[in-house]
Amino acid sequence: MDLVKFKPRKILTCIIILFILFGIKEMVNPFKVSAKTESSAVADSLTIRVTDSNGSFKVAKVFTDSDFSSAVNQSYSFMDSMPSPGMDAAIGLPLSDLLSKSNINLDDVQSLEFYTTDVSGRPYKTMKKSFLYSTRYYYPHIMEYWDAGTQSFTDNDKAVSDKEIVEPMIAVSDNWVRGAMKPDFSTQAHDQKYRLLMGQTSDPTEITAFNSAKWIYQIDVTLASTTPVANVPVTGVTLNKNSTTILAGNTERLIAAVDPSNVTNSDVTWSSDDSSVAKVDNNGLVTAVSKGTTTITVRTKDGGKTAECNVTVDGGGTTPVISVPVTGVILNKNSTTILNGSIEQLTATVSPNDATDKDVTWSSSDSSVAKVNKNGLVTAVGEGTATITVKTEDGAKTAECDVTVNESETPVQPAVKRLFGQSRIDTAIAIAKATYPNKISNVILTASDNYPDALAGSVLAYKLKAPILLVGRNNEDQEKIIDYMKSNMDPLGTVYILGGNGSVSKDMEARANEAGFKNINRIGGADRYQTAVKISDTVGAKEGTPLVIVSGKSYPDALSVSSAAAVKQYPILMVEKDEIPDAIKKEISILKPSKVFIIGLQGAVSTEVEDQLSQIAAIDKTNIVRIGGENRFETSLEVAKYFNLSGSKVCVSSGNNFPDALAGSSYAANNNAPIILCNTALSDDIMNYLKTKNISEGTIFGGESVISKEVGEELLELTTK
């Protein structure tokens, strides 16, 4: 009897202990995760809601794929529960950008709730901002040094080398692969949207894969204060088309754009005057039902603003689509002779003019003599003869041009060159050698895995005629820097270190000293703002010199202006979005600038800061110039246009990370060239601008995994010999 009574008690005790342990786990967990169901559906839109003054949630902004037109590429690494590392090649927008577009100040956010289509009635995750925006990293070598057998790293230092700070992103497409050596952007899954992605912690073995969430359709933002969110009313709505013709049985999506872009309530309703002709769903998808005409109307819930599209439906099958076949193709030349190293454009004309499919492909019979790109641009690479052939996709019609390549009397320098290495440290060294082929007297060292201390360094580098080298954390990377200095620098010269010991360690300083470089000058303050002030003081700008103001929270805007500021010797100072740090205020009051350039729109540096600048600098607002675009790429283009450096060269770097452009700023300034930041390709606006510049030479910072081969070919087409 005693044993019979004991067993239920023991079981009950175990159950109680399990409940206690589970409760403790919930308390220490930084966010809650709800159980997921097996069903799933891709989110059609992403709604961001925010607490109002009463603590209730109201819609701040609704995003669709069209709002991600300025999406950027971002690499993420993760560790899953097997455990196994993996990589994610993501295309999307920083979460902070989406919040800003929703008229939400990130500084005011307390927590965020993420709702997914496969969890009903409750958030899948709830995260505090302090957890979500803690410093997180992308580890590019995490898989390279992973031993699946021991489930540990073979070399901890190398596994975390070249790490990059990354911020949370909402991806519209991505490629999440366990065990991948590197992110692969060539393949993208669009059925995971909208996905939350975060970096890893300082411990790369920590399980982080569960931080990712797909199929997010709603984010609820709780503010730290109860300050009412400003209501932004609707002023109008437009459609992408005013009229369209659709075959019966087919569909077409209409896209509504509600103005202004940061409107509080962008919800709309759709209706059809005659649903027997064409009907429309809640997302603007029009389905043609039967022959006739009707009007599709979109109406905003706020303000009742409307826009219309007249739809004509042709009877299904009564108006066949006629395909016009290709009958032939000709080239503008049957033969040509060019010098080795030069280029020539071939042009194909497909007949007839109204052919349905006029796509063509290009090929060379001998790419060691002459190669041809997808646009018919021929590059001579070796003495001899080759035949360039163009072939139509429809009908396989062909035309040929015989190319003879002669050796040039003098070596022809390539019109487009690429400066890169196996890592960011190697790339910076390659840029340094190209910038200063002879002995140097000064060098600037800065951290390879963080950007704040070095953003203002380009102006100093140009003045000192010094390259900017990136210092890694492991011994191998640091020895590369020492080897470069031994081979290329006068031992009596000066080593300038940007930032405190947390940026570039005392060990690195000691290595430089032991290598014979005794003149070491560390320029660092308590934070990035004080460091920028000390760099400005070292530059020694005269009173009245114009200043450049950039955000201290991100790098693209500062990199965009780095070469122009260096050439003109305008100090670069950093500010918070809505506030000027005291150290920066003091520096501005001392320099008394005659003009101030703010790089970036109000989402980066607010109008409040603009007002403060006018007061501190004691200048009229007409002498404060704001230069910016809708995203980092457009901003870099606007900066290039404004300062319009007189050189005939251009430099291109990725806008998705900082190291290559940071190291390249000295090279660009020495060549009187702008730095154009690009995503995966050069936009039409960038191409049109560069066409006006009569570019003689282009330089790309980074390998083809960073800036694609196609970008190099586009630059080659723009160069003039």
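A salt bridge, as I will use the term this morning, is a side-chain nitrogen of Lys or Arg within 4 Å of a carboxyl oxygen of Asp or Glu. What we have in front of us is a predicted model, in which local features need pLDDT of at least 70 and side-chain atom pairs count only at pLDDT 80 or more, while totals for chains, interfaces and linings use all residues. Residues are numbered from 1 along each chain as its sequence is written, and side-chain values use heavy atoms, with hydrogens and water left out.

Let me begin with the charged pairs. Side chains of opposite charge can pair when their charged atoms come close. By the rule I opened with, the count comes to 17 salt bridges, and I would like to go through some of them.

The side chains of E576 and K553 meet in one such salt bridge, at 3.8 Å from N to O. E576 sits in the loop between strand 39 (572-575) and helix 11 (582-591), and K553 in the loop between strand 38 (547-551) and helix 10 (556-568), so this pair ties together parts that are 23 residues apart in sequence. Helices and strands here are DSSP runs, H or I of at least four residues for a helix and E of at least two for a strand, numbered from the N terminus. As for accessibility, buried means under 20% relative accessible area, exposed means over 50%, and partly exposed lies in between, with a 1.4 Å probe and protein chains only. On that scale E576 is partly exposed at 23%, whereas K553, at 51%, is exposed.

A second pair joins D611 and K621, whose side chains meet in a salt bridge of 2.2 Å, N to O. D611 belongs to helix 12 (residues 607-617) and K621 to the loop between helix 12 and strand 41, so the parts tied together are 10 residues apart in sequence. D611 is partly exposed, with a relative accessible area of 30%, and K621 is also partly exposed, at 43%.

The third pair is D426 with K480, where the closest N and O atoms are 3.1 Å apart. This one links distant parts of the chain, 54 residues apart, with D426 in helix 5 (residues 424-435) and K480 in helix 7 (residues 475-488). D426 counts as buried at 18% relative accessibility, while K480 counts as partly exposed at 23%. Together with D477, these two residues are linked in a network of salt bridges.

Turning now to helix 11, which of its residues are buried? They are I584, E587, I588 and L591. Seen down the helix axis, the buried residues fall within an arc of 100 degrees, so they line one face of the helix; the arc is that of the directions from the helix axis to the C-beta atoms. The face turned away from this buried side carries the exposed residues D582 and K586. The buried residues pack against helix 9 (528-539), strand 38, strand 39 and helix 12, where contact means heavy atoms within 4.5 Å. Just after helix 11, K592 takes a positive phi of about 45 degrees.

Next comes R626, which lies in strand 41 (residues 624-627). Its side chain reaches the backbone oxygen of L601 at 3.3 Å, and the backbone oxygen of V605 lies 2.8 Å from a polar atom of the R626 side chain. Leaving aside neighbours within four places in sequence, R626 is in contact with a set of residues including I598, G600, S606, T607 and E610.

What about the cysteines: how many disulfides does the structure hold? The count is 0, a disulfide being a pair of cysteine sulfur atoms within 2.5 Å. The sulfur of C651 is 12 Å from the closest cysteine sulfur, in C678, which is too far for a bond. C651 counts as buried at 1% relative accessibility, and C678 likewise counts as buried at 1%.

Finally, two items from the earlier part of the chain. T201 is placed in the loop between strand 13 (195-197) and strand 14 (216-223), and with a relative accessible area of 15% it is buried. Not counting residues up to four places away in sequence, T201 touches R136, Y137, Y139 and E206. From the record, an unreviewed UniProt entry lists residues 233-310 and 325-402 for "domain: BIG2". In the model, the span 325-402 is 0% helix and 54% strand, and its end C-alpha atoms lie 27 Å apart.

Conventions: Polar contact = N/O pair within 3.5 Å; in protein donor to acceptor, adjacent residues only side chain to side chain. UniProt positions renumbered as here; feature names shortened; annotations may be inferred.
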